[in-house]
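Me: I have a chain here and want to know what stands behind the words used for it. Take me through the terms one by one.

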Amino acid sequence: SVLEEHLAELPRNWEMCWLGGVDSLGGQMALQISPNVRHVYCGFRTTTAYVITVAGAKSALQVCTPLQWQLDTHLTQYECPKDEMGFSWTVKPQGYSFYPPLVEQAKELFATDVQKD
């Protein structure tokens, strides 16, 4: 399946992988690590669909409690130090996303969303 092919591209250390999402700050293109996988960073948003490991679920609980903001904000706030090119990415949980996305939020089917765009 397409999902299995994409999952095979993830690094061994992955904990959470978003199947789609929104690059709200426009920086994720520089974080491509394979043909279909990008690092997630603080500008990435969505909890529409994802896969998560047991270690990722534990990391997610740690960064999301106490809950003070939207889950997608908590899940991307812990980043590594910037690399030599000035980029950083989420490391707790160790997050990645598929690009192009495998799923998209069907906003046209709902009257509202947490985000007003």
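Reply: Start with the elements: helices (H or I, at least four residues) and strands (E, at least two) are DSSP runs, numbered from the N terminus. By that count the chain has three helices and seven strands. Their order along the sequence is α-β-β-β-β-β-β-α-α-β. This is a predicted model, where local features need pLDDT of at least 70, side-chain atom pairs count only at pLDDT 80 or more, and totals for chains, interfaces and linings use all residues. Residues are numbered from 1 along each chain as its sequence is written, and side-chain values use heavy atoms, with hydrogens and water left out.

Me: Why is the chain called as compact as a globular protein of that length?
Reply: The radius of gyration is taken over C-alpha atoms, and the globule rule is 2.2 Å times the number of residues to the power 0.38. For 117 residues the rule gives 13 Å; the chain has 14 Å, which is close, so the description holds. The C-alpha atoms fill a box of roughly 40 × 35 × 30 Å along the principal axes.

Me: Why does Trp18 count as buried or exposed?
Reply: Buried means under 20% relative accessible area, exposed over 50%, partly exposed in between (1.4 Å probe, protein chains only). Trp18 has 0% relative accessibility, so Trp18 counts as buried. Phe44 is at 3%, and therefore buried too. Buried residues make up 35% of the 117 residues in the chain.

Me: And what makes Glu104 buried or exposed?
Reply: Its relative accessibility is 68%, so Glu104 counts as exposed. Glu104 is in the segment after strand E7 (95-98). Thr46 is 58 residues away along the chain, yet the two C-alpha atoms are separated by 9.6 Å.

Me: How do you know that Trp18 and Phe44 form an aromatic pair, and what kind is it?
Reply: Rings of Phe, Tyr and Trp (its six-membered ring) pair if their centres lie within 6.5 Å; planes under 30 degrees apart count as stacked, over 60 as edge-to-face and the rest as tilted. The count by this rule is one aromatic pair. Trp18 and Phe44 are 5.8 Å apart, centre to centre, with 70 degrees between the planes: edge-to-face.

Me: Why does this pair tie together separate parts of the chain?
Reply: Trp18 lies in strand E1 (residues 16-18) and Phe44 in strand E5 (residues 44-45), so the pair links parts that are 26 residues apart in sequence.
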